[in-house]
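Me: Please take a close look at one small part of this structure and explain what surrounds it. After that, I would like to see how the part fits into the rest of the chain.

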Amino acid sequence: MYFPIILGTAREGRQSEKVARFMLEELKKEGIESGIIDVRDYRIEATDNTKKGSEAKRLAEIIGKADGIVIVSPEYNHGYPGELKMMLDLLYEEYRGKPVLICGVSAGIFGGTRMVEQLRLVCLGLGMVPVSSALYFRNAEEFNESEGNEDYKKSVKRAVEELKLYNQ
Ligand SMILES: Cc1cc2nc3c(=O)[nH]c(=O)nc-3n(C[C@H](O)[C@H](O)[C@H](O)COP(=O)(O)O)c2cc1C
């Protein structure tokens, strides 16, 4: 099964990158094929849903093959980063019916909860199926990707089971 991970911020010094790498390792442990789709590689100047650009083609190839999608994103001013939305908007049909797991990241104690709620609605608009699980990575600066933490590891296992339900 193939669940690529979208890393939703291009910010210099982003802490979310550690979380994306942690998710990648945990998915591998669960026998899931994955990889990181980095928004830094998809920087576009304006919204473009024509699917003519090389970025859209590249993204369509990955999303088209995906059995599910994982999004790791920080919360910026209670929402999701603009670059993530511009990248997601490159495609439409390719997302249809695909389960999506959202992982919020924040410097504080809430782990991006408000962003997760907003992004779920965007994902629904794109035809994805947000699973009921979500992960909330709080205190991002202190997060150690190689150690992770047992609660997060258990949550990943649960979420993977949920993503798999949509692939039976
Ligand atoms: C523009 C901007 C807005 C932010 N807004 C919020 C916010 O609304 N809530 C929050 O918990 N943290 C907020 N933060 C802090 C992030 O949680 C923090 O940067 C964290 O490390 C995750 O983001 P990162 O991957 O960019 O590092 C904001 C950070 C930036 C750069």
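Reply: In this predicted model, K29 and E26 are joined by a salt bridge, with 2.8 Å between the closest N and O atoms. The two residues both belong to helix α1, where they sit 3 residues apart, or about one turn of the helix. Their surroundings can be read from the accessible areas: K29 is exposed, because its relative accessible area of 58% lies over the 50% limit for that class, whereas E26 counts as buried, because its 7% is under the 20% limit. The salt bridge therefore pairs an exposed lysine with a buried glutamate.

A second salt bridge in this helix offers a useful comparison. E25 and K28 meet through their side chains at 3.5 Å, N to O, and since they are 3 residues apart in helix α1, which covers residues 16-29, about one helical turn separates them. Here the accessible areas put each partner in the middle class: E25 is partly exposed at 41%, and K28 is partly exposed at 47%.

The next residue to consider is K153, which touches the first pair from another helix. K153 lies in helix α5, residues 150-165, and, once its neighbours within four places in sequence are set aside, its contacts are F22, E26, K29 and E147. Both partners of the K29 and E26 salt bridge are thus among the residues that K153 contacts. K153 itself is buried and yet has no salt bridge, the nearest side chain of opposite charge being that of E150, 4.1 Å away. That separation falls outside the salt-bridge cut-off, because a side-chain nitrogen of Lys or Arg has to be within 4 Å of a carboxyl oxygen of Asp or Glu to be counted. A reader who inspects this region should therefore keep the cut-off in mind, and should read the missing salt bridge of K153 together with the 4.1 Å distance to E150.

Turning from this site to the charges elsewhere, the structure holds 13 salt bridges. Some are joined together: R14, E17, R21, D38 and E145 are linked in a network of salt bridges. Another salt bridge is formed by K85 and D89, whose closest N and O atoms are 2.9 Å apart; K85 is partly exposed at 27% relative accessibility, while D89 is buried at 19%. D89 also leads to a loop, for D48, which is found between β2 and α2, is in contact with D89 and L90 when its neighbours within four places in sequence are left aside. D48 is partly exposed, with a relative accessible area of 24%. Over the protein as a whole there are 24 positive and 27 negative charges, and the mean positions of the two sets are 2 Å apart.

The loop that holds D48 also holds K51, which lies between β2 (36-38) and α2 (54-65). K51 is not a glycine, but its phi is positive, at about 60°, and with 31% relative accessibility it counts as partly exposed. N77, in the loop between β3 (69-74) and α3 (82-88), likewise has a positive phi, of about 45°, without being a glycine, and it is exposed, at 80%. These values deserve a second look because most residues other than glycine have a negative phi.

Finally, the whole chain gives the setting for this part. The protein has 5 helices and 5 strands, which follow one another along the sequence in the pattern β-α-β-α-β-α-β-α-β-α. Its radius of gyration is 15 Å, close to the 15 Å that the globule rule gives for 168 residues, so the protein is as compact as a globular protein of that length. Along its principal axes the C-alpha trace spans about 45 × 35 × 25 Å, and 51% of the residues count as buried. Of the contacts with a separation of 6 or more, 79% come from residues 24 or more positions apart. The protein exposes about 8,200 Å², of which carbon and sulfur atoms supply 48%.

Key. Residues are numbered from 1 along each chain as its sequence is written. This is a predicted model: local features need pLDDT of at least 70, side-chain atom pairs count only at pLDDT 80 or more; totals for chains, interfaces and linings use all residues. Side-chain values use heavy atoms; hydrogens and water are left out. Helices (H or I, at least four residues) and strands (E, at least two) are DSSP runs, numbered from the N terminus. The radius of gyration is taken over C-alpha atoms; the globule rule is 2.2 Å times the number of residues to the power 0.38. Buried means under 20% relative accessible area, exposed over 50%, partly exposed in between (1.4 Å probe, protein chains only). Contact means heavy atoms within 4.5 Å. Accessible areas come from the Shrake-Rupley method with a 1.4 Å probe; for residues, only the protein chains shown count as cover. Lys and Arg count as positive and Asp and Glu as negative; His and the chain ends are not counted. The place of a charge is taken as NZ of Lys, CZ of Arg, CG of Asp or CD of Glu.
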